Each structure stands twice: as structure tokens, then as C-alpha cells.
Amino acid sequence: MTNTLHRYGSAESFRDDYIIFAIPAKGLNDDDCIPKLKDFLRICAKHNPANIGNGNRSSLAPEKGLKPSAHWTRNKKPDWNKVIDEVGKSGTVSAVFAHENDAQACFDEVVKADFGLSVNMSTSVENAKRVAKACGVSRHSVEYALPFNDPHDHLPNSQVLELSTMCGHGMVSFNFAKKMLDMVREGRRTPEDAAATLVRFCPCGVYNPVRAKRLIEEACKEQR
Amino acid sequence: MKINQQKCVGCGNCVPVCPMGAIYVDQSTTRATINDDACVECGACFRGMSTENLNPTMVRTVRKVAKFLRFRFEPEPDVCPTSAFEMHDLEMPRLIRQIFSDPVVEHKSTGIKGRGTEEVKTNDVNPRVGAGEVGYTIEFGRPGVGVRFFEIQNMTRELARNGITFEKKNPITHLMTNTSTGDLREDILQEKILSAIVEIKTEITRVEEVLRIVHDVNDKIDTVTAVGISTRCDENGEDKILDPLLEELGFVHVRAKTNMGLGRVTNQIELKKIEEINI
């Protein structure tokens, strides 16, 4: 499952956020779908994704059993192959793109590959319309995200919300997103380091580290 | 979820990681501790944090020396230095927390991980929302607030009272003891989860009414809700019904999941069934 619908932000803020995912329908097209899901991810990996995921693993995953030297030599390089190799059962696989031309080129190739699986794009309404039109595809269905109802004022400020809601399952806590913002503001982390730290908490692989880095940079600039 | 008190060194790295704010460093023991009532068993701490396997005594000694010298070590903020988190087997009703909160745990009623279903993501293959119909996903507790089942029940009861029926292949519907009243299982009502999604479908004419119900019930329950609202596009890939209606009702809707219509039935058994139906 990739709950990417309720990312917080304006339409303009999704200019570097295009998620394409393939999902088999249970009992209808899930027989022998593993090779198709892997091929889908292989196509995605060719088009400069910001992240890919298989529902269980992101391209930048938590590391277990680190050596103490890891504090100075932390890996920040995504591993596409591990995500592809570990697709083990029917489920959603996804890729996140930070540039529309990459998303469009990937989607075009996915259309031509004709896997027979449902393919969705999660981004702004207008972004998806443009990509569909450019690839000669008619949209089948659309699910709009309505704004959060928060009558009891539980939600934090927009900067924290934008970072936190990029993990649709809520694994990036408000407090941790705020901690990363504070660490960058205090010069204790670079925006890139902070984004790479946040992305590890999202097991589905839909967290967008490119957008996160940009949002952190913008938040820090605003404060100056 | 448990924190092994023999292993924990009280570094506090895990405290901000918890989406529910359930982890704190107990001042009396100087060890991280979990508030079991607030914990939703999501696994963000256990799975999301990277780990080292350092000797706890050695780490505590180094920390004491560094503290004495007013020396500040800046560790990676997502690392548990002693692998102190332990996940235990859970039993009902507490197990329900993990099922609805941990995204890598599959829900048995739907075969899908997490708290959702296929929604309109497979609408091109498995038509759930047809032309002129509107599907709703009413999500509770996310982002970052959490929800208890009795609060969800307030919503399901109100929807049921208004004659609205629930999507059958949905984890919350699966927990109902009576789908015509919206009642949920008694034993889970006090359990807290990260989020849950109630799915319904109505005619287009009821959109305003449904959104008003959601808004009014949300005023009375101590959580957040987020509504996803879906429809089928026309033959040209356009939505000329729901989009303008939402505009007219004043709902901002800049983001969407768009089903691109590439799916088709490929399972052999289903093809046979379809052929039989056609004959």
C-alpha cells in the first residue's frame, strides 16, 4: 500500500513530486505478477527516480548492525537493485520522480510495456493530466485529496506537515521532521543529510528525498 | 513494543522518532520507556531506526565521561546504538493496533498491507466506483494524531444512520458487528491505532451531505480526518462532474491519485468466468 494521496502542500509544491505505482488487483491480474512488478521497477530505475519501493523496502533503507565508523561514513546512495530483487509477493511497487520529463519518459515506457496491471500517478491533478495527455492516455478514474479536517488543532506548522506527510503511513513523525529542520537550521546537518535520514523511515519507498531537501532549504531560508 | 532496559543507554535518539510521542526517557531510571497506552505498535522505532550492536556498559561509560567533560558527541539521529528495541508477539485486542498501524503487516481481510484497500487504484480492472458514482475514503488519525476505534464508531454509526453502506472489502467494515448500524466489535473500541480508513460510495447528489456528516462528526471526536473522494472519468479521460462540484462547494483539491486505465484482467480463471458470463 502506498498512501500518497494526502501529501500536504500547494499544487506548486508538487512540481518535483511525481509518484508512479503499479498495483495488481487481487484475483483478477495477480497471477504471475512478480516478474511484471520487477520489470516495472526496472523501467522506473532507468529514468532517474528519486526513490523506488516495493511496499517493504525503500531504496534507502535503515541499516542494522552498523559499525561505529558509520557516524562519519553513512551511506546515502540508493540501491535500486535490492528493491527490485526483494519483490517477493503481489503488492504495490512504486517510483518517485522529481522531474516531469523523467516521470513522463518512464510512464511512456510503462504504457508501451503493457503489463496489464493498474498504473496510477499520484501528484497534482494538473501534473497527472499533462503526463497522461503527453503519453496519449485517457485517465480512467481520479481520487482527489480534500484538505485535513483538524477541528481540535492537532496539526503542526506547514513546514513540518510537508515533510511528515511524504510518508503516507505516518512513519515520519512530526517531532522527527522538526528535529531534522532544527538540526539543519543550527548547522548540525546538511539538508541532504536530513532528507536521507527522513527517507529511511518510510518502508514503502514513496518518500521523496529531493522534495524533502528542497523543502528543508526553503524552510531554513525563510527563517533568515 | 518493548525497550530492553539492560540494553538501553538513554541516549534519547528514539524519543522524537515515535509518531505517537509514546517514548520518553524515564528520569528515575535514565532509560527510554514506552507509554503502552499511547503506543500503536507501528514499528517506526524498531524498523525505522538503524542500529549498532555496541556494548551498553561501554556506551554508558563513554557517555558519562563525555558528559563530565562537557563534550557533545553528535551521533546519527536515527541510530539506536545498542539495538534495544524488541518486538513481541501480540494477542487480540492489542494485536489490532499493529494490524492498523504497521505498514508492512498485511491485513488478512483484504490481503493488502496497511489499513486501506485497492480503492480506485484498480478501478480499471475491478470496477468499484462507476460512472455517476462517488467513492470516499475517510481516513482517521493521520497525520500524526492517532485514533481510537470508539471514535471511528461515532462516524460509522452516523453514516449508517443516514443510510450509507460500507465497502465490503475494507478492514473497518470487516470489524463491524452490524453493518446496518455501523457498530464495531466491543473488544477493540478502546484500542488506539495510527489510522484507519472507512470506505463508502454514494450517488453524486449526496457529496455535500456526506462531507457535512464527516465534518460534523469530526467536531465531536478528538482526532483529524482526511477525505479522499473519487469518481470515474468519461471516455475522454475528463472529470466534468465531481471536479466542478468540489469547486462549487469550495473544497480545495489540488492533489490526486490518477488511475491511468492500463489494467486488465489477465488471470486465466477470471477470463474463463468472464467468457462464461458472456456466453
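This is a short talk about how chain A and chain B meet in a predicted model.

Hi everyone, thanks for coming. Let's begin with the extent of the contact. Chain B puts in 98 residues, and chain A puts in 93 residues. Between them the two chains bury about 8400 Å², and carbon and sulfur atoms account for 54% of that area. Which three residues of chain B supply more of its buried area than any other three? They are B:Arg255, B:Lys257 and B:Met260, and together they supply 12% of what chain B buries against chain A.

Now for the polar side of things. Across this interface the rule finds 6 salt bridges. One of them links B:Glu74 to A:Arg188, with the closest N and O atoms 2.8 Å apart. There are also 54 residue pairs in polar contact across the interface, counting pairs with both residues at pLDDT 80 or more.

Where on chain B do these contacting residues sit? The element that gives the most to the side touching chain A is strand β15, residues 225-232, with 8 residues. As for the make-up of that whole side of chain B, its residues divide into 39 nonpolar, 31 polar and 28 charged.

Please keep β15 of chain B in view, as there is one more thing to show you. This strand pairs across the interface with strand β5 of chain A, residues 141-145. The two strands run antiparallel, and 5 bridges join them. If you'd like a place to zoom in, look at A:Val142, whose bridge partner in β15 of chain B is B:Thr231.

That's my tour, and I'm happy to take questions.

How values were computed
Residues are numbered from 1 along each chain as its sequence is written. Chains are lettered from A and ligands numbered from 1 in the order in which they are written. This is a predicted model: local features need pLDDT of at least 70, side-chain atom pairs count only at pLDDT 80 or more; totals for chains, interfaces and linings use all residues. Side-chain values use heavy atoms; hydrogens and water are left out. Contact means heavy atoms within 4.5 Å. Buried area is the accessible area (1.4 Å probe) that two parts lose on being put together, summed over both. A salt bridge is a side-chain nitrogen of Lys or Arg within 4 Å of a carboxyl oxygen of Asp or Glu. A polar contact is a pair of N or O atoms within 3.5 Å; within protein, one must be able to donate a hydrogen and the other to accept it, and residues adjacent in sequence count only if both atoms are side-chain atoms. Helices (H or I, at least four residues) and strands (E, at least two) are DSSP runs, numbered from the N terminus. Ala, Val, Leu, Ile, Met, Phe, Trp, Tyr, Cys and Pro count as nonpolar, Asp, Glu, Lys and Arg as charged, and the others, Gly among them, as polar. Two strands pair if DSSP finds at least two bridges between them.
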